[in-house]
Amino acid sequence: MKKKGRLAFSFCGLGGGWVLFVLVITGLLVGSLSLAGAVQAGSGSKLIIFSWWTAGGETDALQALLDTYRENEPEVEVVNVTIAGGAGTNAKGMLKARMLSGEPVDSFQVHAGSELIDSWVKTGFLQPITDLWVKNRWFDVFPPQLVEMLSYKEEVYAVPVGVHRGNVLWYNRTLLMDYGLSPPRTFDEFFAVAETLRQQGIVPLAVASKNKWPVTHLFESILVGAGGPQFYRDLMAGKIPWNDTKVKETLRILEKMMGYANLNHPVLTWDQACEAVLKGDAAMTIMGDWAKGYFTARGAIPGHEYDMVPAPNTKGIFIVIIDTFVLTKEAPHRENALAWLETVGGVEGQMRFNQIKGSIPPRLDVPMGAFDELARRARAAFFQDELVFSFAHSSVTSDAFVSAVNDELAAFIHMGDIDYTAARLDRQAEELGIRTGTK
Ligand code: GAL
């Protein structure tokens, strides 16, 4: 096994809150577990996988990966358990309940970084797969920076399937062209474009706050744009308080952006906000590049109906979100799960999956010839840009903290009290151990 260096960022401990959380969730959800896939643990040749990929693009990409697996392992019956709700809103709690109640799945979707290491590795639910990495020579084909985010105490615990970019502004080309507008590159340009559109009766920005996390996702893009990459890293590492002036500036910009958002944002999910942009009900949205997967599933072509630029003020910065699959310690069908992970990490699986999902293949030897222009641009940006890792998708802070931020921002977009919210965020950071020197 290759020697792996220290992680470039700090993971956060879980503390007793997590234990309480899972017990409560178990109590609440155990009754509905049997609905989450017709599973007979211990039975013959099956494979039970778990994800939250249910939206347009997500389902198709997962299906392509499953098709690849079936071609390799035609005898295996796949039990594909999916729980709707983008970013794992509902799935994460369901999965924890399921794992705790003695109904383990074989392999599940999880973000590299804190979500993988703090929520699952340190709590003892996962099996190291370093041998599989050695056997498949994966250390030679995946970027070392990614491998670090999958590793704990010299063991590797996951296989990355796709790399998403979080800081993307998607826009309806026709709408912007009709009004002679260029896609905004800075916050000032964003508000100038938004104002022009509003005066024409067009909703400038599609937001989806039903599941809360898209607002945190938007906040994160603004935070990186307003504070820059080093400020963002320092904030996540606990070196800067969350009531810092740049956090307040971020909240001010968020509040102003919400003033240009669709009024029905509290009832929309992320894909419905994308649909609003596609239909021309709104001009722009800020979302990860799984949005491209959605647009593609709806038959839209990049550069025709829609296009993208980096979210305001984030040119040259790439907010990274890495989807992975793991092997559970109690996997009922371990051999099948190992074969599944070989499909996940294989060239064929990565090629088929990422073309549909909107992400780029983490494997460096996947040929990009068949990918569209946006994917090729994203791949180039991944190597040229400054990389920062998404806290909104639990890569650099714990699930518990992200969930707390989701709640604080959900309140903020209705109350609009910047000082109060910044103080609350700082309190959450202290209580949940984000700030250095705290838990
Ligand atoms: C992210 C995940 C993406 C995409 C998105 C919306 O957390 O990494 O793959 O699925 O949620 O569901």
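## Salt bridges and a four-stranded sheet

A search of the whole structure, which is a predicted model, finds 22 salt bridges. Side chains of opposite charge can pair when their charged atoms come close. Three of these pairs are set out below.

| Pair | Closest N to O | Relative accessibility |
|---|---|---|
| Glu386 and Arg233 | 3.2 Å | Glu386 37%, Arg233 29% |
| Arg298 and Glu275 | 2.7 Å | Arg298 43%, Glu275 14% |
| Lys292 and Asp372 | 3.0 Å | Lys292 3%, Asp372 26% |

Take Glu386 and Arg233, which form a salt bridge. Glu386 sits in strand 12 (residues 386-389) and Arg233 in helix 9 (residues 213-236), so the bridge ties together parts that are 153 residues apart in sequence. Glu386 is partly exposed. Arg233 is partly exposed as well.

Next, Arg298 forms a salt bridge with Glu275. This pair links distant parts of the chain, 23 residues apart: Arg298 is in the loop between helix 12 (290-297) and strand 10, and Glu275 is in helix 11 (residues 270-279). Arg298 is partly exposed. Glu275 counts as buried, because its 14% relative accessibility is under the 20% cut-off.

Lys292 and Asp372 also meet through their side chains. Lys292 belongs to helix 12, while Asp372 lies in the loop between helix 14 (347-357) and helix 15; the two are 80 residues apart. Lys292 counts as buried, whereas Asp372 is partly exposed.

Salt bridges also join into a network, which links Lys92, Lys96, Glu115 and Asp399.

Now the sheet. It is open, has 4 strands in the order 8-9-7-10, and shows mixed pairing. Strand 8 (203-205) and strand 10 (306-310) stand at the edges; each has a single partner strand, so one side of each lacks a neighbour in the sheet. Neighbouring strands are turned by 20° against each other on average, direction ignored.

Strand 9 (residues 282-286) runs parallel to strand 8, and 2 bridges join them. Along this pairing, Val203 stands opposite Ala282 and Leu205 opposite Met284. With strand 7, strand 9 pairs in the antiparallel sense over 3 bridges. Here Leu169 stands opposite Ile286.

Is strand 9 mostly covered or mostly uncovered? It is mostly covered, with 5 of its 5 residues buried.

Helix 15 (residues 373-384) lies across strand 7 (168-172) and strand 10. This helix runs at about 10° to strand 10.

Key:
Residues are numbered from 1 along each chain as its sequence is written. This is a predicted model: local features need pLDDT of at least 70, side-chain atom pairs count only at pLDDT 80 or more; totals for chains, interfaces and linings use all residues. Side-chain values use heavy atoms; hydrogens and water are left out. Two strands pair if DSSP finds at least two bridges between them. Axes are lines fitted to C-alpha atoms, for helices over the stretch in contact, and angles run from 0 to 180 degrees between N-to-C directions. Contact means heavy atoms within 4.5 Å. Buried means under 20% relative accessible area, exposed over 50%, partly exposed in between (1.4 Å probe, protein chains only).
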